[in-house]
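Q: I have a protein model open on my screen and I'm not sure how to read it. Could you walk me through it, one feature at a time?

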Amino acid sequence: MMPPVIVLVTYALAVARVTTLITHDEITRPVREALIHRFNPIRRAHRLAVYLLGEPDGDTHGCPWCVSIWVGAVTAPIVWGWGSNPLVLIPMLGLAVSQVTGMIYVHGRQ
C-alpha cells in the first residue's frame, strides 16, 4: 500500500493534468469548442461555460483555477474510497507522470 502522502501528491498532479486537458490542451479543443458553441455566450444565461472553458474563438482560455475545484470535487470521493486500488491508482499515476513531464518541458523552455 502506498503512503497517504504519496497518494495525495499523485492525486494533486492528476487533478492538475485533467484540469489542463479541460481548459487548454489542443487534443480536447473540439470538445471544448462544441460545449462553448452549445452554450452560446450571446444568450448570456450560459456565460458560465465560457468562463470555465474559454471563448469560442480560442483566444481566451478557461479558468484552470475554477475548473480544478470541479475536477477535485468529482474525483475526491473516488480517491478517498479507492485510492490504493490499481484501477484508480494506475490511471492516476499516468496522469501525474504526464503532468510532471509537462512541467519539466515548460521549465526547460524558459
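**Reading the model step by step**

Q: Where do we start, and which helix has the lowest mean pLDDT?

A: Start with confidence, since this is a predicted model. Where pLDDT is low, the predicted coordinates shouldn't be read in detail. Here the protein's mean pLDDT is 84, with 85% of its residues at 70 or more. Helix H3, residues 47-53, has the lowest mean among the elements, at 71. At the other end sits helix H1, residues 4-23, with the highest mean, 93.

Q: Okay. How many helices and strands does the protein have?

A: Count 5 helices and 0 strands. Walk along the sequence and you get the pattern α-α-α-α-α.

Q: How do I check the length of a helix, say H5?

A: Compare its span with what you'd expect at 1.5 Å a residue. Helix H5 covers residues 86-109, which is 24 residues. From its first C-alpha to its last it reaches 34 Å, close to the expected 34 Å. Look at the start of H5 too: a side-chain oxygen of Asn85 comes within 2.8 Å of the backbone nitrogen of Leu87.

Q: Which residues of H5 are buried, and what do they pack against?

A: Buried means under 20% relative accessible area. In H5 that gives you Val88, Leu89, Met92, Ala96 and Gln99. These buried residues pack against H1 and against helix H4, residues 64-82. Over the whole protein, buried residues make up 27% of the 110 residues.

Q: Why does Gln99 count as buried, and what does it touch?

A: Gln99 is in H5, and it counts as buried because its relative accessibility is 14%, which is under the 20% cut-off. Setting aside residues up to four places away in sequence, Gln99 touches Leu13, Ala16, Arg17 and Thr20. There's a polar contact as well: the side chain of Gln99 reaches the backbone nitrogen of Arg17 at 3.4 Å.

Q: What about the nonpolar side chains? Which residues touch the most other members of the largest core?

A: In soluble globular proteins, nonpolar side chains tend to be buried together. The largest nonpolar core here has 15 residues, and Tyr11, Leu52, Val79 and Met92 touch the most other members. H1, H3, H4 and H5 each supply at least two residues of this core. Take Tyr11 as a case: apart from neighbours within four places in sequence, it's in contact with Gly72, Thr75, Ala76, Val79 and Met92.

Q: How do I see which parts of the chain come together in space?

A: Look for contacts between residues far apart in sequence. Among contacts between residues at least 6 apart, 54% join residues at least 24 apart. Try Val18, which lies in H1. Val18 and Gly72 are 54 residues apart in sequence, yet their C-alpha atoms are 9.6 Å apart. Beyond residues up to four places away, Val18 touches Val71 and Leu95.

Q: Is Val18 buried or partly exposed?

A: Partly exposed, because its relative accessible area is 25%, and the partly exposed range lies between 20% and 50%.

Q: And the loops? Where is His61, and what is it in contact with?

A: A loop can be read just like a helix: find the residue, then look around it. His61 lies in the loop between H3 and H4, and at 37% relative accessibility it counts as partly exposed. Leaving out neighbours within four places in sequence, His61 is in contact with Thr23, His24, Leu53 and Gly54. The C-alpha atoms of His61 and Thr23 are separated by 6.2 Å, though the two residues are 38 apart along the chain.

For another loop, go to Ser84, between H4 and H5. Ser84 is partly exposed too, at 45% relative accessibility. Its C-alpha is 7.7 Å from that of Val7, a residue 77 places away along the chain.

Q: One last feature: how many disulfides are there, and which cysteines form the link?

A: To find one, look for two cysteine sulfur atoms that sit together. The structure holds 1 disulfide. Cys63 and Cys66 form it, with their sulfur atoms 2.5 Å apart. The angle about the S-S bond is 65°, and the link is right-handed.

Q: Are those two cysteines buried or exposed?

A: Cys63 is buried, with a relative accessible area of 17%. Cys66 counts as buried as well, at 13%.

Note on methods: Residues numbered from 1 in each chain as written. Predicted model: local features only at pLDDT ≥ 70, side-chain atom pairs only at ≥ 80, totals over all residues. Heavy atoms only, no water. Disulfide = S-S within 2.5 Å. Buried < 20%, exposed > 50% of the residue type's maximum accessible area, 1.4 Å probe, protein only. pLDDT = per-residue confidence, 0-100. Helix = DSSP H or I, 4+ residues; strand = E, 2+ residues; numbered from the N terminus. Expected span 1.5 Å × (residues − 1). Contact = heavy atoms within 4.5 Å. Polar contact = N/O pair within 3.5 Å; in protein donor to acceptor, adjacent residues only side chain to side chain. Core = buried A, V, L, I, M, F, W, Y, C linked by side-chain atoms within 4.5 Å.
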